[in-house]
Amino acid sequence: MYQVVPGGAGGTITDVIPKQKHSKDTRPLVGAGVIGLVLVIAAVTAWCYYIASLRKAELLKTQLLDLNKDGYIIRNQGGSIVFRMDFRSGTLDLDSCSKEGELLSCGRTADRNLNFFIETVRPKDTVQCYRVRWEELVPDIPVEHAMTYKFAHWYGGAVSAIQHWPISISGQQAPKPFVTSDIYSNRNEFGGILESYWLSSNATAIKINNSVPFHLGWNDTEKTMYFQARYNDSPFMPNPGEAPCAELSYRVCVGLDVTSIHKYMVRRYFNKPNKVPAKAMFRHPIWSTWALHKTDIDQEKLLAYAANIRKYNFNCSHLELDDRYTSRYGDFEFDTTKFPNASAMFQKLKSDGFLMSLWIHPFVNYDSENFHTCVERGLFVREPTGRLPALVRWWNGIGGILDFTNPEARDWFSSQLRSLRSRYGVSSFKFDAGETNYLPWKFSTRTPIRDPSFFTRRYTEMAIPYNDRAELRSGYQSQNISCFFRPIDRDSVWGYELGLKSLIPTVLTISILGYQFILPDMIGGNAYLNRTDGNRVLPDRELYIRWLELSAFMPSMQFSIPPWEYDNEVVEIARKYTALHQSIVAPRVLELAGEVLDTGDPIIRPLWWIATGDETAYKIDSQFLIGDDLMVAPVLEPGKQERDIYLPTGHWISYKGERYDIKKPRHLTDYPVDLDEIAYFVWV
């Protein structure tokens, strides 16, 4: 209701009735509005944060790899996780990360600066690779990544005293230097042939860069392998003048199947031989004096050994005179007491059709006449200051070890070998040792080396002039030395610890590491005291026969304990399998050896090579292939004249003439294999 009252200028004022105060009943509506406004603001904030998170997540993806602050995962084309790596040396600050093209980089962890990147590389349509690098900027901080191995079966790395295929990890091991070692005397270390390369059954491979001060550990509870780079408490050394800032860099590649990804990695990252050794090394057995005579060899025993090879009608690639033909280790003159007329002995052996090889090593013991010469000329590896030669202990005493980074030491050693060749007509040498465990923990060389195993590489280079028939037992980046590589001495036992069962896993591992010309050590093992099944003088007869049968299907055969030390039946079995090796195995191996020069593909192959999606084939360690079409299944158990055999899909004919045309894999249970037989099948 309005009320008119007098106003100025003849106008009127319209007055509104005053508003009434809100009652207590309207206050909840105001609170609800405030709360609603807050919720709207929160929702908008959450949405913005979500969008930012999506953008960050997209930023931290590169192809099939997802990065987070604690590590990364890689998926295959089907979306399944095939590789996982966790960061153990720090947590990435994701706000420091950026992406430019295929390069994803980060500049900080939670507490320090660093250089980190992952770069995607597409070398071919069927392979996806990632370059990963974590570089510390502060000295003496180790870098450690932990690879989960539970997604697949893994192969490669190094030979070991207890060899399994695939790799079998037990217990826990803090990261230790990944360097070559003599596993006969150091059975918990890595072996004399190694490469920082691993391959998995889910078509994933990892190759650690050679520049990394690499240490390897593991934990079977966590199912992880620890990849660590460090310089502190380590034999690895930074380059002169550089701060000891650790860098872990490597490549991870994912392919369609295990065989094709391995072929890619070998062609891309491994050295390859540039020639095939002498064909006779593949066709005829090598005969060594070692297991039979050990260091008690002399002129009379050597000539008698050679005479018996001819008497029992065996062929011989060459005859190997092993330890010990000199008076002192480090001498290059024959011991005239044991070899009163070495020149006449070599002439006799030559006239009888024998080529000769001599055992050699990198040590000069302190009682050798050459020790003083080597000290004066600075030919030995030295202690860390470089002022004094380092004394080292090896299995035959104490002395110096030649520094093969020193051109003078190389020339001196080479001149000694040339002298033996010219004086006695020696055809080649068995290069023993070469592992880094015979170096001091800290040492210096004429040419500084960051990686101790590079010493192994330098030693193997000494075999190049003799690689037609040379034999090496250690190797690191040495595939192009182009000679035969031999696993460390085997014991005369049945098991996986340097025994008969270890042969196939060891040969397969060496093959995967790129070494294809393999000499699988002496038939029957080395008959060492307390490490021999049997009467401790000779290996067990059955063991010897089964070892002989398996060796006949290897690239080369080597006798030391001769078959005539047993009986006529063993001699006949030996004749049978040396003939089979020459007629069936050697031609196929030589054909494959020629292909190795171009491809690097293994001569001795695992079953999964032709059965890439077969879970059972991934685990078989007692059968193998020669090429793609000859499968071998030896008996490796004492007292057995039968075994289970796994046949992959295909058309097979057994050595007995049985035909198997199978469209899916097949188990042959308790397949009979007599003592003088070895089961093998040809794919037709």
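**Close-up views of a predicted model**

**Figure 1. A look at helix α10.** In α10, the buried residues are L503, I504, P505, T506, V507, L508, T509, I510, S511 and I512. This is a predicted model, as are all the views that follow. Why is helix α10, residues 503-512, described as largely enclosed by the rest of the structure? Ten of its ten residues are buried, so the rest of the structure largely encloses this helix. The partners against which the buried residues of α10 pack are strands β10, β12 (194-200), β27 (604-605) and β28 (624-626), together with helices α2 (258-269) and α11 (541-551). Just after α10 comes G514, which takes a positive phi of about 100 degrees.

**Figure 2. Helix α11, a packing partner of α10.** Here we move to α11, where nine of the eleven residues are buried, so this helix too is largely enclosed by the rest of the structure. The buried residues in α11 are L543, Y544, I545, R546, W547, L548, E549, L550 and S551. They pack against α10, which you met in the previous view, and also against β26 (558-559), α12 and β28.

**Figure 3. The largest nonpolar core and a second one apart from it.** In soluble globular proteins, nonpolar side chains tend to be buried together. The largest nonpolar core in this model has 165 residues, and those touching the most other members are L319, F334, F431 and F553. Which helix gives the most to this core? It is α12 (residues 568-599), with twelve residues. To explore around one of the well-connected members, start at F334: leaving out residues up to four places away in sequence, F334 touches L321, Y325, F339, A342, M345, F346, L358, L420 and Y424. Another core lies apart from the largest one; it has 45 residues, including W134, F214, F227 and A246.

**Figure 4. The largest pocket.** This pocket holds about 650 Å³ of space. Its lining is made of 29 residues, and S160, I162, S168, I169 and W218 are the ones nearest its centre. Three strands give two or more residues to this lining: β10 (154-158), β11 (172-177) and β14 (214-219). Among the elements, β10 gives the most, with four residues. Strand β10 may look familiar, since the buried residues of α10 pack against it. What classes of residue make up the lining of the largest pocket? There are 14 nonpolar, twelve polar and three charged residues.

**Figure 5. The second largest pocket.** The volume of this pocket is about 380 Å³. Of the 21 residues lining it, Y184, W290, W395, D489 and Y528 are the closest to its centre. By class, the lining of the second largest pocket has nine nonpolar, four polar and eight charged residues.

**Figure 6. The largest cavity.** How many cavities of 30 Å³ or more does a search of the whole structure find? The search finds four. About 100 Å³ of space lies in the largest cavity. It is lined by 13 residues, with Y325, G330, D331, I360 and H361 nearest its centre. Strands β19 (356-360) and β20 (363-365) are the elements that give two or more residues to this lining. The lining of the largest cavity has nine nonpolar, three polar and one charged residues. Y325 also appears in the core view, as one of the residues touched by F334.

**Figure 7. Two single residues, Q128 and F454.** Q128 belongs to strand β8 (residues 127-136). Is Q128 buried or exposed? Its relative accessible area is 10%, and because buried means under 20%, Q128 counts as buried. Leaving out residues up to four places away in sequence, Q128 touches Q63, T120, V121, R122, V252, C253 and V254. F454, by contrast, sits in helix α9 (residues 453-460) and is partly exposed, at 28% relative accessibility. Beyond its neighbours within four places in sequence, F454 is in contact with I449 and Y476. F454 and F485 are 31 residues apart along the chain, and 17 Å separates their C-alpha atoms.

**Figure 8. Confidence along the chain.** The protein has a mean pLDDT of 92, with 91% of its residues reaching 70 or more. Over residues 1-22 the pLDDT is below 50, and this stretch has seven contacts in the model beyond near neighbours in sequence. Residues 48-58 also have a pLDDT below 50, with four contacts beyond near neighbours in sequence.

Notes:
Residues are numbered from 1 along each chain as its sequence is written. This is a predicted model: local features need pLDDT of at least 70, side-chain atom pairs count only at pLDDT 80 or more; totals for chains, interfaces and linings use all residues. Side-chain values use heavy atoms; hydrogens and water are left out. A nonpolar core is a set of buried Ala, Val, Leu, Ile, Met, Phe, Trp, Tyr and Cys residues joined through side-chain atoms within 4.5 Å. Buried means under 20% relative accessible area, exposed over 50%, partly exposed in between (1.4 Å probe, protein chains only). Contact means heavy atoms within 4.5 Å. On a 1 Å grid over the protein atoms alone, a cavity is a set of points where a 1.4 Å probe fits but cannot get out, and a pocket is an open set with protein on both sides within 12 Å along at least five of seven lines; lining residues have an atom within 4 Å of a point. Grid points are joined across faces, edges and corners, and a volume is the space filled by probe spheres set on the points. Ala, Val, Leu, Ile, Met, Phe, Trp, Tyr, Cys and Pro count as nonpolar, Asp, Glu, Lys and Arg as charged, and the others, Gly among them, as polar. pLDDT is the predictor's confidence in each residue, from 0 to 100.
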